[in-house]
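Work through the exercises below with the model open beside you. Try each task before reading its solution.

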Amino acid sequence: MKLKFTKMHGAGNDFVVIDGVNQHIDFTPAQWKLLGDRRFGVGADQILLVEKPTEAGCDFRYRIFNADGGEVEQCGNGSRAFVKFVSEKGLTDQRSITVQTKAGVIAPRLEADGSITVDMGAPILEPGRVPFDADGLQGEPQGRDTLWPLVLELGGARESVLISAVSMGNPHAVQVVDDVDAAPVELTGPLIEHHVRFPNRVNAGFMQIIDRQHVRLRVFERGVGETLACGTGACAAAVAGIRRGLLDSPVRIDARGGQLSISWEGEGQPVWLTGPAVTVFEGEIEI
């Protein structure tokens, strides 16, 4: 079949967005992977599928497929691209919508200045629900957070890193580093992603604190590798920093692909993510 698509990005985190409202889409993991392939397909960090909701009270259903073809629960930058897409395509005339995801309902809003704010819901902080297996580990308290040691095998040597385990609908392991540019993201990112303590794999965040409302961040995303920005990773990093007593809301997150803003008022409260979404081009591909 010939598939129409829109290429978009949010702070450099790039997407193929597909209208599944006006056409039936039922692809295999191999077909999703082909779409995400930067040499043989369109190329993207994630493929986003817009569908009719299956839950009452929602405007749309939002499905996310990583570049490896696997379906995941949530994508913060993608949610901003999602609301811009449905607005530009005339699928809704509302500036604020409710969207069904595998991780629950989110509420993106198109702002007057063109930026997009998303209610990402409250973070999940209990290790077992992230999910993170903390059995037998001695946590290190810091502020209201608990830092967990992860032992990594590096070429026969063993190294331990301290992480905050946070879920924003998808799991994150956030560590603080002195210099994000020098952080061993490509070396230790895959080891953290596939660590046995994270049964569903995990996104590995590397955060450098500039001041109490400003950080620099790199994220090695599960099923993708390092991306230029990660919306849920930015949320998780801000939550971890605030809980550790190192940051105050709102937090400016400088990713390699652009800037995001995160607001969070504390446990039980939703995380608000604000940032850009850009349409790059439209096309058609044979699948």
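The exercises go from the domains to single residues and then to charged pairs.

This is a predicted model, in which local features need pLDDT of at least 70, side-chain atom pairs count only at pLDDT 80 or more, and totals for chains, interfaces and linings use all residues. Residues are numbered from 1 along each chain as its sequence is written, and side-chain values use heavy atoms, with hydrogens and water left out.

**Exercise 1. Describe the contact between the two domains.**

Step 1. Set the bounds. Domain 1 covers 2-120 + 277-286, and domain 2 covers 127-269. These bounds come from an automatic or database domain assignment.

Step 2. Place the centres. Over C-alpha atoms, they are 24 Å apart.

Step 3. Count the contact residues (contact means heavy atoms within 4.5 Å). Domain 1 gives 18 residues and domain 2 gives 19.

Step 4. Take the buried area, which is the accessible area (1.4 Å probe) that two parts lose on being put together, summed over both. The two domains bury about 1,300 Å² between them, with 50% of it on carbon and sulfur atoms. Ala11, Glu73 and Met120 supply 34% of the area that domain 1 buries against domain 2, more than any other three residues.

Step 5. Look for charge pairs. A salt bridge is a side-chain nitrogen of Lys or Arg within 4 Å of a carboxyl oxygen of Asp or Glu. Two salt bridges are counted between domain 1 and domain 2. Separately, the side chains of Glu73 and Arg222 form a salt bridge at 2.2 Å, N to O.

**Exercise 2. Compare the settings of Lys2 and Ile64.**

Step 1. Find the strands (E, at least two residues, as DSSP runs numbered from the N terminus). Lys2 is in strand S1, residues 2-10. Ile64 is in strand S4, residues 60-66.

Step 2. Check accessibility. Buried means under 20% relative accessible area, exposed over 50%, and partly exposed in between (1.4 Å probe, protein chains only). Lys2 has 57%, so Lys2 is exposed. Ile64 has 0%, so Ile64 is buried.

Step 3. List contacts beyond four places in sequence. Lys2 touches Glu284, Ile285 and Glu286. For Ile64, the contacts include Leu48, Val72 and Cys75.

Step 4. Check the long-range spacing. Lys2 and Glu286 are 284 residues apart along the chain, yet their C-alpha atoms are separated by 4.5 Å.

**Exercise 3. Which parts of the chain do the pairs Arg197 with Asp133 and Glu226 with Arg256 link?**

Step 1. Recall the principle. Side chains of opposite charge can pair when their charged atoms come close.

Step 2. Take the total. The whole structure holds 25 salt bridges.

Step 3. Trace the first pair. Arg197 and Asp133 meet at 3.9 Å, N to O. Arg197 sits in the loop between helix H3 (185-193) and strand S13 (203-211), while Asp133 sits in the loop between strand S8 (116-119) and strand S9 (140-142), 64 residues apart. At 18%, Arg197 is buried. At 33%, Asp133 is partly exposed.

Step 4. Trace the second pair. The closest N and O atoms of Glu226 and Arg256 are 3.9 Å apart. Glu226 is in strand S15 (225-227) and Arg256 is in the loop between strand S16 (251-255) and strand S17 (258-264), so the pair ties together parts 30 residues apart in sequence.

Step 5. Add the network. Salt bridges with shared partners join Arg144, Asp145, Arg243, Arg244 and Glu267.

Terms used: Helix = DSSP H or I, 4+ residues; strand = E, 2+ residues; numbered from the N terminus.
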